[in-house]
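Here is a short briefing to read beside the sequence and the structure. It goes residue by residue, then turns to the ligands.

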Amino acid sequence: IADGGSGTGHKDNKTHQGREKADRATRDQVLDQRTEAIIDHMVRKELISELQGVISTGKEANVYAAPLYTYDDEAGTQTGTHYRAAKIYKTSILSFVDRERYITGEHRFRGGGHKGNNRKMVKKWAEKEFRNLQRLNRAGLACPYPIQLKANVLLMEFLGDNEGHAYPRLRDVELEGVDDADIAQQWRSLYIQLLGLVQRLYQVCRLVHADLSEYNILYHERVLYIIDVSQSVGHDHPQTFDFLRMDLHNVGAFFRRKGVDTLRDRTVFEFVTA
Ligand code: ADP
Ligand code: MN
């Protein structure tokens, strides 16, 4: 699956190494044939050069760093690497029942009739995440830019450095500052930043994340990035408010553990929905 990225036939060491890694990734994660064909196609289209190491293995999806190598055709050398992230939804999972409740009541996905067809179900989830990411982007929220969607494979902007290391989840962030008061102030301003994000998500995108926590927020240079929006719901969902309360509760609990004097649940709820 690592083959053909350059489209020029160069095969330098880095590519070979990458190829071995990709082959290993395929073997270990057992990408099914259709998924492999999709990756192959993305490689041929030069959207990515290969699938590299796995960033995350989840219950419903794996996320891979997917580099795109650039070449100087004249010199025959590799000139750079641009990373992307490929989220590959698993087609053989047993957690569909759980997910079903998010879809129920949503106009956008009503009447799909996909029960009992995993592949179609998974495709719906990937599609939902892709569209939600588009909505977030249009509203100018910090999140990965969605690049392409094909069945269960979602290609998006990589949130990380040029070496393929993803930004840390908020859960794993250790803030640095001149003293404790400085660090406490930084946590407080991240809390305020997040409330602003949730408000814009609600009011501009008309979405509730529905799985918001320190695990689905990435952090880099004082900016919070929202990820994992496949289960996010619109205002037409009957449980919108329940999900919103749950999101705000999780976020509040996290920041309280960081020493932030958080606002009352009710106050925050009113701020977001006002
Ligand atoms: P899951 O459904 O498995 O929770 P997520 O969308 O939350 O899937 O992604 C899992 C992990 O993969 C994240 O916690 C993050 O570390 C990493 N990740 C996801 N999307 C990106 C991205 N666009 N850029 C960099 N890392 C990402
Ligand atoms: Mn997640």
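E221 counts as exposed, because its relative accessibility is 62% and the cut-off for exposed is over 50%. This is a predicted model. The points below start with backbone angles, then move to the ligand 1 site, the manganese ion and a few single residues.

**Positive phi angles**

- E221 sits in the loop between β7 and β8.
- Phi of E221 is positive, near 45 degrees, and E221 is not a glycine.
- Most residues other than glycine have a negative phi.
- A210 also has a positive phi, of about 75 degrees, although it is not a glycine.
- The loop between β6 and β7 holds A210.
- Is A210 buried or exposed? A210 counts as buried, because its relative accessibility is 1% and buried means under 20%.

**Ligand 1: contacts**

- Which residues come nearest to ligand 1? They are K87, E157, L159, N216 and D228, out of 18 residues around the ligand.
- The side chain of K87 places an N or O atom 2.7 Å from an oxygen atom of ligand 1.
- E157 uses its backbone: a polar atom there is 2.9 Å from a nitrogen atom of ligand 1.
- L159 also offers a backbone N or O atom, which lies 2.8 Å from a nitrogen atom of ligand 1.
- On its own, ligand 1 has 540 Å² of accessible area, and the protein covers 88% of it.

**Ligand 1: the shell**

- Four strands each give two or more residues to the shell: β1 (54-57), β2 (61-72), β3 (77-89) and β5 (153-157).
- By residue class, the shell has 11 nonpolar, 3 polar and 4 charged residues.
- Domain 1 (13-157) and domain 2 (170-273) each supply at least three residues to the shell.

**Manganese ion (ligand 2)**

- Which residues coordinate the manganese ion? N216 does so through OD1 and D228 through OD, at 2.1 to 2.2 Å.
- N216 lies in the loop between β6 (207-208) and β7 (217-220).
- D228 lies in the loop between β8 (223-226) and β9 (233-234).
- The pair therefore ties together parts that are 12 residues apart in sequence.
- N216 and D228 are both buried.
- N216 and D228 are also among the residues that come nearest to ligand 1.

**N62 in strand β2**

- N62 has its place in strand β2, one of the strands that give two or more residues to the shell around ligand 1.
- N62 is buried, because its relative accessible area is 4% and the cut-off is under 20%.
- A polar atom of the N62 side chain lies 3.4 Å from the backbone nitrogen of G58.

**R257 in helix α6**

- Helix α6 covers residues 240-257 and includes R257.
- R257 counts as exposed, with a relative accessibility of 58%.
- The side chains of R257 and E214 are joined by a polar contact of 3.1 Å.

**L136 in helix α4**

- L136 belongs to helix α4, residues 118-138.
- L136 counts as buried, at 0% relative accessibility.
- How many residues apart in sequence are L136 and V204? They are 68 residues apart in sequence, and their C-alpha atoms are 8.6 Å apart in space.

Key
Residues are numbered from 1 along each chain as its sequence is written. Chains are lettered from A and ligands numbered from 1 in the order in which they are written. This is a predicted model: local features need pLDDT of at least 70, side-chain atom pairs count only at pLDDT 80 or more; totals for chains, interfaces and linings use all residues. Side-chain values use heavy atoms; hydrogens and water are left out. A residue is near a molecule or strand if one of its heavy atoms lies within 4 Å of it. A polar contact is a pair of N or O atoms within 3.5 Å; within protein, one must be able to donate a hydrogen and the other to accept it, and residues adjacent in sequence count only if both atoms are side-chain atoms. Accessible areas come from the Shrake-Rupley method with a 1.4 Å probe; for residues, only the protein chains shown count as cover. Ala, Val, Leu, Ile, Met, Phe, Trp, Tyr, Cys and Pro count as nonpolar, Asp, Glu, Lys and Arg as charged, and the others, Gly among them, as polar. Domain bounds come from an automatic or database domain assignment. Buried means under 20% relative accessible area, exposed over 50%, partly exposed in between (1.4 Å probe, protein chains only). Donors are N, O and S atoms within 2.8 Å of the metal (3.2 Å for Na, K and Ca); water is not among the atoms, so sites may look incomplete.
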